[in-house]
Amino acid sequence: MDASVIVVGAGPAGLMLAGELRLAGVDVLVLERLAEPTGESRGIGFTIRTMELFDQRGLLPRFGDIETGTAGHFGGLPLDLTVLAAAHGAARTVPQSRTEAVLDSWARQLGADIRRGQEVVAVTEDTDGVSVSVRGTERALRARYVVGCDGGRSTVRTLAGFDFPGTPATTELFLADLRGVDLPPKMTADPSAGGLVMVAHLPDGITRVIAAERGTPPTRRTAPPDFSEVAGVFKRLTDTDISGAEPVWVSAFTDAARQVSRYRRGRVLLAGDAAHIHLPAGGQGMNTSVQDSVNLGWKLAAVARGTAPETLLDTYHEERHPVGRRLLADTRAQSLLILGGEDVTPVREVLTELLDHTEVAHHLAGRVSGLDIRYDVGGGRHPLLGARLPQLTLRNGELHTTSTQLLRTGRGLLLDLTDNPTLRRRAHGWTDRVDIVTAVPRDVPGDSPLTTTAAALVRPDGHVAWAAPGSHHDLPTALERWFGPAR
């Protein structure tokens with residue numbers, strides 16, 4: 001075997017997965033078709049949940065100063081994210097090129113083998129592993145598992161025979177990153193405006209413009225659009241001439257929405273845009289892709305190391321496919337709100353009224369932030385079961401830390417919040433995979449479910465797999481389900 005896992009694609013999903021696998025001690029080979037990074041940035045920010053995940057791995061300082069905010073939107077309708085009471089805000093101006101550079105450096109530092117200029121042309125699975133052929137080389141590379149993280153036009157998805165059902169594109173949208181133009185930030189999606197206009201300020205003096213005329217059918221393109229097309233659409237929608245600006249990058253995209261039926265076929269898995277494409281409303285695509293990789297990474301590592309059975313990989317599809325399906329539903333709904341005509345006005349008005357209700361605002365904020373994702377980890381009445389663990393400040397004698405810092409090893413975490421030696425003894429057979437920490441939580445709000453929590457088993461991705469009191473499973477059952485048999 002050339003590696004335990006071959007990851008195809010060195011975008012955010014592939015690099016995050018490579019780092020997660022190396023954090024768990026699994027050898028990984030990343031194959032990227034492009035010889036050099038493009039420097040282009042389709043994604044320009046992080047949702048709150050992605051901020052939490054990067055913090056869990058100690059990555060946030062690598063990005064430098066991150067401008068965060070508490071404002072979001074759903075289909076152009078404003079959302080106040082402060083209703084979520086999260087430890088982080090959302091980051092809106094981090095270019096994807098910067099994200100890829102940070103994750104590339106992190107994965108290489110951990111020992112990932114990242115090879116550029118490697119175009120995959122064949123993927124063949126057998127009983128022992130998967131063979132991957134690269135253009136221009138005679139010998140196929142071998143791994144136990146292959147993960148396609150190679151984007152919306154995924155070669156791995158096609159070669160491995162994944163189906164990709166969904167809805168075709170109905171509208172074309174233009175994107176341009178510009179220099180030498182002075183435009184105020186804005187977002188106009190009013191049905192009376194004739195289409196969508198967005199303007200955002202990015203680092204290094206870049207202004208991003210997105211524009212789409214309502215009802216414009218998609219064009220089958222083999223090359224990026226000319227900047228004159230973008231300037232023409234922008235002029236017709238805003239009566240502002242940007243043709244004198246310097247285009248740094250010009251692209252076009254559509255509102256097509258597709259998702260593979262299965263995220264896993266034997267030894268081949270998909271993550272990120274290879275598994276789901278959609279209108280990039282609210283910047284959720286890259287964030288969902290990173291979260292796919294964090295969910296998959298520790299599971300694939302445990303199976304590759306032989307500490308957990310292969311059935312653990314089935315939970316990747318079971319947990320992330322519903323997330324992707326809901327993402328497509330959300331972005332299609334936002335597409336109607338943003339790109340729909342006058343017939344959508346009553347829907348926008350009703351939804352605007354509903355957002356004045358705290359419950360509705362909290363619900364939609366939870367969806368666009370990624371904080372409301374909950375997995376099925378087994379029965380029980382504890383409100384945190386399957387949900388992500390909110391950041392806890394912890395104290396044990398001289399030890400002052402947070403639950404976020406304790407997850408930076410990429411291992412499981414058993415938090416004993418009541419100094420229970422019986423609990424720790426029952427978990428002893430898993431200490432090679434799970435850290436056991438006895439501590440007292442501090443500054444927990446009185447209405448938090450943590451005030452009555454005696455212990456919690458937290459997976460490496462930060463989701464609670466077991467809690468006491470309130471879980472229907474006993475602790476050893478939960479430990480074996482998520483981390484394999486005791487040693």
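Visitor: Before we get to the sheet, what counts as two strands pairing here?
Guide: Two strands pair if DSSP finds at least two bridges between them. And keep in mind that this is a predicted model.

Visitor: Okay, so which strands make up the open sheet, and in what order?
Guide: The order is β24-β23-β26-β27, four strands with mixed pairing.

Visitor: Which ones stand at the edges?
Guide: β24 (434–438) and β27 (464–468). Each has a single partner strand, so one side of each has no neighbour in the sheet.

Visitor: And how much twist is there from one strand to the next?
Guide: It averages 10°.

Visitor: How do β26 and β27 run?
Guide: Antiparallel, with four bridges joining β26 (residues 455–458) to β27. If you want a pair to click on, Ala456 stands opposite Ala467 in β27.

Visitor: Where do side chains point in a strand, generally?
Guide: In a regular strand they alternate between the two faces of the sheet.

Visitor: Which helix lies across those strands?
Guide: That's α12 (residues 475–483), lying across β23 (412–416), β24, β26 and β27. The helix runs at about 15° to β26.

Visitor: Switching to pockets. How much space lies in the second largest one?
Guide: About 850 Å³.

Visitor: Which residues lie nearest its centre?
Guide: Leu84, Ala85, Arg388, Pro390 and Pro449, out of 29 residues that line the second largest pocket.

Visitor: How do the lining residues divide by type?
Guide: For the second largest pocket, you get 16 nonpolar, seven charged and six polar.

Visitor: Which element gives the largest share of that lining?
Guide: Helix α9 (residues 358–369), which contributes three residues to the second largest pocket.

Visitor: Now hairpins. What joins β8 to β9?
Guide: A hairpin, through four residues. The strands, β8 (residues 120–125) and β9 (residues 130–134), are antiparallel and share five bridges. One bridge there pairs Val120 with Val134 of β9.

Visitor: How many bridges do β14 and β15 have?
Guide: Eight, in the antiparallel sense, between β14 and β15 (residues 206–213). Among the partners, His201 bridges to Thr207 in β15.

Visitor: Which residue takes a positive phi in that hairpin?
Guide: Asp204, with phi near 65°. The hairpin of β14 and β15 has three residues between its strands.

Visitor: What about β13, how does that pair with β14?
Guide: β13 (residues 186–188) is antiparallel to β14 (residues 195–202), over three bridges. Look for Met187, which stands opposite Met198 in β14.

Conventions
Residues are numbered from 1 along each chain as its sequence is written. This is a predicted model: local features need pLDDT of at least 70, side-chain atom pairs count only at pLDDT 80 or more; totals for chains, interfaces and linings use all residues. Side-chain values use heavy atoms; hydrogens and water are left out. Helices (H or I, at least four residues) and strands (E, at least two) are DSSP runs, numbered from the N terminus. On a 1 Å grid over the protein atoms alone, a cavity is a set of points where a 1.4 Å probe fits but cannot get out, and a pocket is an open set with protein on both sides within 12 Å along at least five of seven lines; lining residues have an atom within 4 Å of a point. Grid points are joined across faces, edges and corners, and a volume is the space filled by probe spheres set on the points. Ala, Val, Leu, Ile, Met, Phe, Trp, Tyr, Cys and Pro count as nonpolar, Asp, Glu, Lys and Arg as charged, and the others, Gly among them, as polar. Axes are lines fitted to C-alpha atoms, for helices over the stretch in contact, and angles run from 0 to 180 degrees between N-to-C directions. Contact means heavy atoms within 4.5 Å.
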